[in-house]
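Q: Could you take a close look at one part of this structure with me and explain what is found there? I am in my first year, so a friendly walk through would help.

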Amino acid sequence: MPEADEREVIYLDRDAGSLRPLLLGALIGLALGMLFAPQSGMETRRALRRRLRKFRALTEEAVGELTDRITSELRAVKPGDRAEAED
């Protein structure tokens, strides 16, 4: 019979859910896709620039919205609450 002080300890391996293999595979797939693309290099670069501009605009918009949301949440916090949170 185990003593009351003894407890079972369970260790979790968190490296199993890493995104590195997925990202590496995506980069390799992107590189191979560009090498074997049916269009010319100039057309591929032009399309890639266009997509990157769209992605940048979407990212800037999302960051702006997030910044606005965080700012409004911080303004909603009372000044006394901020002093307590900093302590």
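A: Let's begin with a contact between a side chain and the backbone: a polar atom in the side chain of Thr44 sits 2.9 Å from the backbone oxygen of Ser40. Keep in mind that this is a predicted model, and that a pair of N or O atoms has to lie within 3.5 Å to be a polar contact. Thr44 belongs to helix α2, which covers residues 41-76. Is Thr44 buried or exposed? With a relative accessible area of 12%, Thr44 is buried, because buried means under 20%. That is worth pausing on, since buried residues make up 2% of the 87 residues in the protein.

Now let's follow helix α2 onward from Thr44. Here we come to a patch of positive charge on the surface, where Arg45, Arg46, Arg49, Arg50, Arg51, Arg53 and Lys54 gather. Take Arg53 as one of its members: this residue also lies in helix α2. Its relative accessibility is 56%, so Arg53 counts as exposed, the cut-off for that word being over 50%.

A little further along the chain there is a charged pair. Side chains of opposite charge can pair when their charged atoms come close. Which residue forms a salt bridge with Arg56? The partner is Glu60, and the closest N and O atoms of the two are 3.1 Å apart. Both residues are in helix α2, and because they are 4 residues apart, about one helical turn separates them. Arg56 counts as exposed at 56% relative accessibility, whereas Glu60, at 48%, is partly exposed. A search of the whole structure finds 1 salt bridge.

Next, look at what comes before helix α2. Phe36 lies in the loop between α1, residues 20-35, and α2. With 67% relative accessibility, Phe36 counts as exposed. Phe36 also has company: together with Leu24, Ile28, Leu32 and Leu35 it forms a nonpolar patch on the surface, and these residues share about 580 Å² of accessible area.

Finally, let's step back to see where this part fits. The protein has 3 helices and 0 strands, and its elements run α-α-α from the N terminus on. About 9000 Å² of the protein is exposed, with carbon and sulfur atoms supplying 59% of that area. So as you turn the model, you can start at buried Thr44, go on to the positive patch that includes Arg53, and then find the salt bridge between Arg56 and Glu60.

Notes. Residues are numbered from 1 along each chain as its sequence is written. This is a predicted model: local features need pLDDT of at least 70, side-chain atom pairs count only at pLDDT 80 or more; totals for chains, interfaces and linings use all residues. Side-chain values use heavy atoms; hydrogens and water are left out. Patches are made of residues with over 30% relative accessible area and no salt bridge: like charges are joined within 9 Å, nonpolar side chains (Val, Leu, Ile, Met, Phe, Trp, Tyr) within 5 Å. Accessible areas come from the Shrake-Rupley method with a 1.4 Å probe; for residues, only the protein chains shown count as cover. A salt bridge is a side-chain nitrogen of Lys or Arg within 4 Å of a carboxyl oxygen of Asp or Glu. Lys and Arg count as positive and Asp and Glu as negative; His and the chain ends are not counted. The place of a charge is taken as NZ of Lys, CZ of Arg, CG of Asp or CD of Glu. Helices (H or I, at least four residues) and strands (E, at least two) are DSSP runs, numbered from the N terminus. Buried means under 20% relative accessible area, exposed over 50%, partly exposed in between (1.4 Å probe, protein chains only). A polar contact is a pair of N or O atoms within 3.5 Å; within protein, one must be able to donate a hydrogen and the other to accept it, and residues adjacent in sequence count only if both atoms are side-chain atoms.
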